[in-house]
Amino acid sequence: MLSLSNEEKIIRDLREGRTAIAVHGAGFIGTVTAFFYAQEGIRVILYDIDKRKVDIYKSGECNVINLESWSGFHLKEFIDNGTIVPTDELKDTYQCPIHFVAVPTEKGGDPYIGYIKKTLEDIMNMDPTLIVIESTLAPSWVNQLKLRQFPVCLAVRRDWFSNPQCTIKSLPRPFCASTDKLTYLAQKILGLVCDKLMRASSMEVVCLTKAIENALWHVQLVSVQELATAFDCNIDEVLALVATHPERKRWYPNMKIGGYCVELGSKYILESANRPENLSLFRDAVIKNNQTTKTIAKKIIEKYPGTVGILGVTYKNDLKVHTLTCSTVFIEELNKVGRKVLLHDSFYSTEEIKKFGCIPMEYPQDLSQCDIIILTIDHKEYYRTPLHLLKGLIKDDVLIIDNLGVWKRHEKYFKNYNQFGVKWNI
Ligand SMILES: NC(=O)c1ccc[n+]([C@@H]2O[C@H](COP(=O)([O-])OP(=O)(O)OC[C@H]3O[C@@H](n4cnc5c(N)ncnc54)[C@H](O)[C@@H]3O)[C@@H](O)[C@H]2O)c1
């Protein structure tokens, strides 16, 4: 009988259920990792420090909003057959030879090394065979975390959940391990769920790939934002025509590029560059991205009295992440001057809405109380609200600021309707 290499034995034991992989962090990234390996019949110990989340997961409910519909997987199926085992006990991961790390690397909208540092310390106490880091890292952290000294493989995640073409399986995935031997093992492990692996020459290259692909996007999106504020012309129409050039993409005006990926890309490279003074475009993009919303908020405060209703607090539709969003800037600026602010977002509980320092808004009924309505994001719920309801509730002279054009088709019924980058008269 042929003798198996260590790597082959590890894969065999995973496939035959003798061992399991551990995933640290049961958010968007970690849960998707768990889904893909579970689909291959590999047991997953899904560890998270958030006991509340783990308890919900144990019941089979996936409380990461819309993740199941985007990914096409159902957590309950894997919980019921025992392939995914959620836990908030670190010790449950001790026996796992392979650990995936998908913990946050951002805090308050800025890069933050603390969670990953702690996670690596925890895992190193367990004598792991391989640690696969899926979290996005600033390139300078490779040295700060001494990653080359550990059995580590960096394999950043680039998949985009709402796009079925961009999955962990189909998207090319750069990776780099600390030794050649580990590279072979990492390739086997990652190759179980990913069709296109690309070995990078260093860990820094892997980190920079992810950071720069986001940073370039960030700068372009902020340029579009600048154009929208610099012209009275319908910039959205111009951008649609620009996109008819076969080499150009379609860009859309947006008051603020939010979330913990795109803007963080610029921040990760600013934090890591050997000569950060050469990165003025990226630095300006970070500053400008915040200023646009602040300037609009200032205008509202100066020119438009009364109650403000804010619809949506997330950075993307039908997803529950409010990091660096325009809503949070509006709320902060309006709260500073004591303006009455009603806030609605169906993905947040009344208690969560109160934590923003706002009055929870009943939608759509409470639109009748608003003198200014700021529609920040294209949640389907807002798009679906019928015109007759809106007309019955929104007062005649209400200032409507529609960031993404969700109510564009109703524009002629509201005399003070504004869409960022399209029709702007405030
Ligand atoms: N969401 C995306 O689209 C995306 C895409 C590519 C990369 N990333 C990166 O992946 C990483 C994770 O992002 P996410 O979207 O999954 O975040 P998330 O906030 O959805 O989930 C992170 C989870 O980690 C848990 N956690 C925090 N500290 C922990 C610890 N010490 N041990 C175990 N669990 C811990 C949190 O409770 C949370 O449930 C980040 O670095 C992010 O930048 C995210």
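**Met203, helix H12 and the open sheet**

Modeller: Met203 touches Val142, Leu147, Leu154 and Cys176, leaving aside residues up to four places away in sequence. This is a predicted model.

Biologist: Which element holds Met203?

Modeller: Met203 sits in helix H9.

Biologist: Is Met203 buried or exposed?

Modeller: Met203 is buried, because 24 other C-beta atoms lie within 10 Å and the cut-off for buried is 20 or more.

Biologist: How far is Met203 from Lys188?

Modeller: The two are 15 residues apart in sequence, and their C-alpha atoms are 18 Å apart in space.

Biologist: Change of topic, helix H12. What should its 24 residues span, at 1.5 Å a residue?

Modeller: Helix H12 covers residues 280-303 and should span 34 Å. Its end C-alpha atoms are 34 Å apart, so the expected and actual values agree.

Biologist: Which residues of H12 are buried?

Modeller: Phe282, Ala285, Val286, Asn289, Thr292, Thr293, Ile296, Ala297 and Ile300.

Biologist: And what do the buried residues of H12 pack against?

Modeller: Three helices and a strand: helix H9 (203-230), helix H11 (262-272), helix H13 (326-336) and strand E14 (372-375). H9 is also the helix that contains Met203.

Biologist: On to the sheet. In what order do the eight strands of the open sheet run?

Modeller: The order is E3-E2-E1-E4-E7-E8-E9-E10, with mixed pairing.

Biologist: Which are the edge strands?

Modeller: Strand E3 (84-87) and strand E10 (197-199), each of which pairs on one side only.

Biologist: By how many degrees are neighbouring strands of this sheet turned against each other?

Modeller: On average by 25°, with direction ignored.

Biologist: Take E1 and E2. In which sense do they pair, parallel or antiparallel?

Modeller: Parallel, over four bridges, between strand E1 (residues 21-24) and strand E2 (residues 44-47). As one case, Val23 has Leu46 in E2 as its bridge partner.

Biologist: Last topic, domains. Where do they fall in the protein chain?

Modeller: The domain assignment gives domain 1 as 6-201 and domain 2 as 262-419.

Biologist: How far apart are the C-alpha centres of domain 1 and domain 2?

Modeller: Those centres lie 34 Å apart.

Biologist: And how many residues are in contact between domain 1 and domain 2?

Modeller: Nine residues of domain 1 are in contact with eleven of domain 2. On the domain 1 side, the residues divide into four nonpolar, three polar and two charged.

Key
Residues are numbered from 1 along each chain as its sequence is written. This is a predicted model: local features need pLDDT of at least 70, side-chain atom pairs count only at pLDDT 80 or more; totals for chains, interfaces and linings use all residues. Helices (H or I, at least four residues) and strands (E, at least two) are DSSP runs, numbered from the N terminus. The expected span of a helix is 1.5 Å times one less than its number of residues. A residue is buried if 20 or more other C-beta atoms lie within 10 Å of its own, exposed if 12 or fewer, and partly exposed in between; C-beta atoms are placed from the backbone. Two residues are in contact if their C-beta atoms, placed from the backbone, lie within 7 Å. Two strands pair if DSSP finds at least two bridges between them. Axes are lines fitted to C-alpha atoms, for helices over the stretch in contact, and angles run from 0 to 180 degrees between N-to-C directions. Domain bounds come from an automatic or database domain assignment. Ala, Val, Leu, Ile, Met, Phe, Trp, Tyr, Cys and Pro count as nonpolar, Asp, Glu, Lys and Arg as charged, and the others, Gly among them, as polar.
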